[in-house]
Amino acid sequence: MSKPDTRPASRSRPSGWSRTVRLIRLRLIRAARGKWAVPALFVGSFIDSTIFPWPVALPLAAQMLRGRRFVFPAAAAAALGSILGGLLVYTLARLAFDAIAPMIVDDSGAAATLSDARARIETGGALAVFAAMLTPVPVQLTSLAAGLAGVGGVWFALAITLGRGLRYFAMGLVLYAVGDRIVAGWLWLPRWGRWLLIALFAALFAGLIAASF
């Protein structure tokens, strides 16, 4: 008598590019919580600023909340990865926009967003770049728009360094000061309270991304 098939039923899985992106995101989040957390945060932040945006702030916060000695190395890794990624996109925009545009501007909505960002940067210059680097607007979009708007290389480098550095180190200062209280409060919450808080932060993050576009 043949044995019954006890294997779990297969589930439909996303295929192609969406599956690859999902897999990369999961691996980045897992790596950013392990022993190679700081290098993973650097790589993840670089990818966030070049290929596709992902919530790097979440594993960054998790690393910072491990203790005060983890705060500033994590902030420095995330800031450096973001700065270098933005500089790469800016340089490619100045030299080979036609080659990289399909990787970043994949539909008419993204093209319109890029056009709006370029118009703002042409008006505000490096100051507009600095302001955008403090917001949830994707770094690669701002970097691409800055390259197309003709912002000077030195001014762009200064704007992105100050903007991303201020963003991540301000986050680090807050968690350095009150991180232990946040952890204590998290442990005090019941499980349903933790899930509710996670849902609220996820909704807030999605809202900020939607507002940035």
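These legends go with a set of close-up views of a predicted model.

**View 1. The whole chain is built from helices, with nine of them and zero strands.** Reading along the sequence, you get α-α-α-α-α-α-α-α-α. The protein has 213 residues, and 35% of them count as buried. Among contacts with a separation of 6 or more, 74% link residues 24 or more positions apart. The protein exposes about 13100 Å², and carbon and sulfur atoms supply 67% of that.

**View 2. Arg 164 is a buried charge without a salt bridge.** Look for Arg 164 in helix H8, which covers residues 153–188. Its nearest side chain of opposite charge belongs to Asp 48, 4.5 Å away. Why does that pair not count as a salt bridge? Because a salt bridge needs the side-chain nitrogen within 4 Å of a carboxyl oxygen, and Asp 48 sits 4.5 Å from Arg 164. What Arg 164 does have is a polar contact of 2.9 Å with the side chain of Ser 82. Leaving out residues up to four places away in sequence, Arg 164 touches Asp 48, Ala 79, Ser 82, Ile 83, Met 133, Thr 135 and Val 139.

**View 3. Glu 122 and Arg 118 form a salt bridge.** By the rule used here, the count comes to one salt bridge. The closest N and O atoms of Glu 122 and Arg 118 are 3.1 Å apart. Both residues lie in helix H5 (residues 108–124), four residues apart, or about one turn of the helix. Are these two side chains buried or exposed? Neither, quite: Glu 122 counts as partly exposed at 49% relative accessibility, and Arg 118 is partly exposed too, at 34%.

**View 4. The largest nonpolar core has 21 residues.** Those with the most contacts inside this core are Ile 121, Val 129, Met 133, Ala 146, Phe 156 and Ile 160. Two or more residues each come from helix H4 (68–104), H5, helix H6 (126–132), helix H7 (139–149) and H8. Of these, H7 gives the most, with five residues. In soluble globular proteins, nonpolar side chains tend to be buried together.

**View 5. Phe 156 and its contacts, plus a second core.** Not counting residues up to four places away in sequence, Phe 156 touches Gly 86, Leu 87, Tyr 90, Val 129, Met 133, Ser 143, Ala 146 and Val 151. Apart from the largest core lies another, of 16 residues, including Leu 41, Phe 52, Ala 61 and Val 71.

Methods
Residues are numbered from 1 along each chain as its sequence is written. This is a predicted model: local features need pLDDT of at least 70, side-chain atom pairs count only at pLDDT 80 or more; totals for chains, interfaces and linings use all residues. Side-chain values use heavy atoms; hydrogens and water are left out. Buried means under 20% relative accessible area, exposed over 50%, partly exposed in between (1.4 Å probe, protein chains only). Lys and Arg count as positive and Asp and Glu as negative; His and the chain ends are not counted. A polar contact is a pair of N or O atoms within 3.5 Å; within protein, one must be able to donate a hydrogen and the other to accept it, and residues adjacent in sequence count only if both atoms are side-chain atoms. Contact means heavy atoms within 4.5 Å. Accessible areas come from the Shrake-Rupley method with a 1.4 Å probe; for residues, only the protein chains shown count as cover. A nonpolar core is a set of buried Ala, Val, Leu, Ile, Met, Phe, Trp, Tyr and Cys residues joined through side-chain atoms within 4.5 Å.
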